[in-house]
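Hi everyone, thanks for coming. Let me put the structure up on the screen, and then we can walk through it together.

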Amino acid sequence: MSDTKIRVLLAKPGLDGHDRGIKVVARGLKDAGMEVIYLGLRLTPEQIAEAAIQEDVDVVGLDCLSGAHMVLFPKTVACIRERGGDDILVIGGGIIPQKDHPGLKAAGIKGIFGPGTSIEEIVAFIRESLKKDANDN
């Protein structure tokens, strides 16, 4: 993992039109040396999963401010897994109530980052998670 850049796909599933936060995260991950692909707004879980497989990414980051995260995030993880992306780390961010975290984690969202989370914390989580996954194989 240290010889190649970490490839991250960022996307906004559903009808949420607010993208300032995800653009800040995209810039921060790029500044940390990661290769970032930002798909944009209003995507279906299927579109995100297909792009993740085609782009051979290490990480998919989802962002939701609309309240539809309990439907869209698990559906996106399922679509990624159905397409063979079992080794892709999926993380989420946005306005996600603490009470929803256990359900999202059970659905395969490995990290959840809300407003005010530092870029450094997200970068560290990604690097540590990928290092653990590499050691498991």
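Please keep in mind that this is a predicted model. Let's start with a helix: H3, residues 69-82, lies across two strands, S3 and S4, where S4 covers 89-94. Relative to S3, helix H3 runs at about 160°.

There is another helix to look at here. Helix H5, residues 119-136, lies across S3, S4 and S5, and its angle to S4 is about 165°.

So much for the helices; now to the strands under them. In what order do the five strands of the open sheet come? Reading across, the order is S2-S1-S3-S4-S5, with parallel pairing. At the edges sit S2 and S5, the latter covering 111-113, and each of these pairs on one side only. On average, neighbouring strands in this sheet are turned by 20° against each other, if we ignore direction.

Let's zoom in on S1, residues 7-11. With S3, which spans residues 59-64, strand S1 pairs in the parallel sense over four bridges. If you'd like a spot to find on screen, look for Leu9, which stands opposite Val60 in S3.

S1 also runs parallel to S2, residues 35-38, and four bridges join these two strands. Here you can look for Arg7, whose bridge partner in S2 is Glu35. How does the chain get from S1 to S2? The route goes through helix H1, residues 20-31, and this β-α-β crossover is right-handed.

One general point while you look at the strands: side chains in a regular strand alternate between the two faces of the sheet.

That's my tour, thanks for listening!

Notes:
Residues numbered from 1 in each chain as written. Predicted model: local features only at pLDDT ≥ 70, side-chain atom pairs only at ≥ 80, totals over all residues. Heavy atoms only, no water. Pairing = 2+ DSSP bridges. Right-handed = clockwise from strand over helix to strand, strands pointing away. Axes fitted to C-alpha atoms, helices over the stretch in contact; angles between N-to-C directions. Contact = heavy atoms within 4.5 Å.
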